[in-house]
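Visitor: I've got a chain on my screen and a fresh coffee. Could you walk me through it, one question at a time?

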Amino acid sequence: VAPKAAPLNDANSSALVIPTSKPKTKQESFSLKALPDNLEAGLDIAIEALTFKGKAIRQAKLTAELANQEITLSQLSALLPGNTDLAVFGIVAEQTKGPAFDGSVDLATNDLRGMLDWLGADAGDIAKDRLRKLAVSGKILANPETFNLSALDLQIDSTNVEGAATVALRDRLSLGATVNVDKINLDAYLPTPNKSAAPSGKPAPKTTENNKPAPAARPAPSTSAVNPLAPLGLLGTFDMNLKASVGALTFKGVPVLNVVVDSTLMNGTLTFNDWSVKNLASIEGKVTGNLAGLNPSNGLADPFFQDFKFNIRGKSLKRFFKLMEIQSPIDPGKFGAVALTGVLNGKPQNLKVSANMNALRGTVAINGTAQPLDPLPSLTGQIALSHPNLLSLLRTFDVAYRPASGTLGGVNLQ
């Protein structure tokens with residue numbers, strides 16, 4: 001039974017409080033208050049059928065009234081391709097930031113695949129028994145500066161999603177979102193891999209025009225000076241608050257429980273308030289801290305870790321290694337209970353590491369500076385290793401050494 005999604009935070013709650021920044025310069029815009037008080041008008045349009053993108057939109061209807069300097073959208077509805085019903089209702093009234101729409105939207109279809117096909121989205125690689133049903137409802141509050149979607153209730157096939165979102169159109173775009181998913185089977189929506197024939201034999205060696213072996217290619221220049229996180233500079237162009245949770249999901253046949261993503265992105269710093277998973281193939285983990293330096297400088301970002309803490313533990317690595325397709329020289333079942341904790345600071349090229357790992361009934365502690373991207377990766381600092389039984393540890397690595405005394409006792413290296 002999938003855990004119930006956490007209660008949805010209201011659209012005006014802290015989950016959707018977006019960072020303040022200077023709004024765009026207000027330009028002269030239309031104002032409903034400029035209309036005469038006694039002006040009244042009505043609009044009623046009905047279209048039996050019209051063709052768009054090669055398919056028919058049927059029963060399109062628009063009914064709206066203007067009175068008391070407000071526009072009432074009584075009905076905006078249509079039957080879209082894929083047997084899809086769309087309906088929008090609401091009121092446009094003058095507020096401090098200009099005309100604002102306050103209303104609701106509902107969309108429902110029993111042939112989501114057909115609607116996606118009409119929109120030009122290719123869903124052919126997804127299982128045929130998926131993308132059948134979609135139902136969406138929510139409340140909309142929009143003005144020239146902000147768009148707010150609250151009370152979002154979405155159902156796609158057997159998955160239920162609750163949420164809210166806010167977009168602030170400022171000099172620096174600001175976003176806020178809360179998303180709660182009860183359960184989802186990712187395997188059912190991932191494209192089926194194409195099975196291609198394995199290549200026969202080794203590729204022919206490269207030759208020159210005179211059929212002589214081509215000279216060996218020069219080794220690629222070292223990339224240790226390049227920050228591999230530089231592409232994340234895109235995150236430095238906007239601000240965001242995100243709170244998301246998934247009660248249960250299935251990936252590669254393995255159940256994953258209680259996934260939480262709670263982050264704040266502000267002025268080029270991504271804060272991991274809480275990124276955690278309760279059960280991922282028998283592994284529990286949590287990450288907190290900052291990834292700073294995301295604001296591009298001279299067109300390129302240079303991100304660095306800032307008090308980036310991780311805490312990972314589990315009873316066994318066997319299912320996790322299978323899920324991640326990790327080939328281990330040691331039987332993963334021999335690791336026993338594992339725990340990995342630590343903190344990272346600095347850029348990936350020159351990373352300050354403080355970590356402790358418990359596995360194979362022993363402990364390894366590292367405290368130093370790592371250069372993992374150098375042609376020859378290195379670690380400068382202190383390493384400590386302790387184990388209560390050295391002979392048992394050697395047997396784990398299939399070392400057949402037998403001491404004359406029959407036992408070696410424990411080991412403690414620093």
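Visitor: To start with the outside, what does the accessible surface of the protein chain come to?

Guide: Keep in mind that this is a predicted model, so the values are computed from it. Carbon and sulfur atoms account for 58% of the accessible surface. The total for the protein chain is about 25500 Å².

Visitor: And what share of the residues in the protein chain is buried?

Guide: A residue counts as buried here if its relative accessible area is under 20%. The protein chain has 414 residues, and the buried share of them is 33%.

Visitor: What is the secondary structure made of, in helices and strands?

Guide: There's a lot of strand in the list, and helices do appear in it too. The count for the protein chain is three helices and 19 strands.

Visitor: Let's do charges. How many salt bridges does a search of the whole structure find?

Guide: Side chains of opposite charge can pair when their charged atoms come close. The cut-off used is a Lys or Arg side-chain nitrogen within 4 Å of a carboxyl oxygen of Asp or Glu. By that rule, the search of the whole structure turns up nine.

Visitor: Take Lys55 and Asp117: how many residues apart are they?

Guide: Their side chains form a salt bridge, at 3.6 Å from N to O. Lys55 belongs to strand β2 (residues 55–67) and Asp117 to helix α1 (residues 112–119), so the pair links distant parts of the chain. Along the sequence they are 62 residues apart.

Visitor: In that pair, is Asp117 buried or exposed?

Guide: Its partner Lys55 has a relative accessible area of 35%, which makes Lys55 partly exposed. Asp117 has a value of 52%, and the cut-off for exposed is over 50%. That puts Asp117 down as exposed.

Visitor: Now Arg172 and Asp239, which also meet in a salt bridge: are both buried or exposed?

Guide: The N to O distance of this bridge is 2.8 Å. Arg172 sits in the loop between β8 (159–168) and β9 (174–185), while Asp239 is in strand β10 (residues 239–251), 67 residues apart. As for Arg172 and Asp239 themselves, both are buried.

Visitor: Which residue forms a salt bridge with Asp182?

Guide: The closest N and O atoms of this pair are 3.8 Å apart. Asp182 is buried, at 14% relative accessible area, whereas its partner is partly exposed at 35%. That partner is Lys183.

Visitor: On to the strands. Which residue in β12 stands opposite Val260?

Guide: Strand β11 (residues 254–266) and strand β12 (residues 269–280) run antiparallel, joined by ten bridges. Their hairpin has two residues between the strands, and Asn267 there takes a positive phi near 50°. Opposite Val260 you'll find Ser276.

Visitor: And which residue takes a positive phi in the hairpin of β12 and β13?

Guide: β12 pairs with strand β13 (residues 283–292) over seven bridges, in the antiparallel sense. In that pairing, Leu270 stands opposite Leu291. The hairpin has two residues between the strands, and the one with a positive phi, near 55°, is Ala281.

Visitor: Last one: what is the area of the nonpolar surface patch that includes Leu50?

Guide: Leu50 lies in strand β1 (residues 41–52) and is partly exposed, with a relative accessible area of 32%. Patch members need over 30%, so Leu50 gets in at 32%. Together with Leu43, Ile45, Ile47 and Phe52, Leu50 makes a patch of about 390 Å².

Conventions: Residues are numbered from 1 along each chain as its sequence is written. This is a predicted model: local features need pLDDT of at least 70, side-chain atom pairs count only at pLDDT 80 or more; totals for chains, interfaces and linings use all residues. Side-chain values use heavy atoms; hydrogens and water are left out. Helices (H or I, at least four residues) and strands (E, at least two) are DSSP runs, numbered from the N terminus. Buried means under 20% relative accessible area, exposed over 50%, partly exposed in between (1.4 Å probe, protein chains only). Two strands pair if DSSP finds at least two bridges between them. Patches are made of residues with over 30% relative accessible area and no salt bridge: like charges are joined within 9 Å, nonpolar side chains (Val, Leu, Ile, Met, Phe, Trp, Tyr) within 5 Å. Accessible areas come from the Shrake-Rupley method with a 1.4 Å probe; for residues, only the protein chains shown count as cover.
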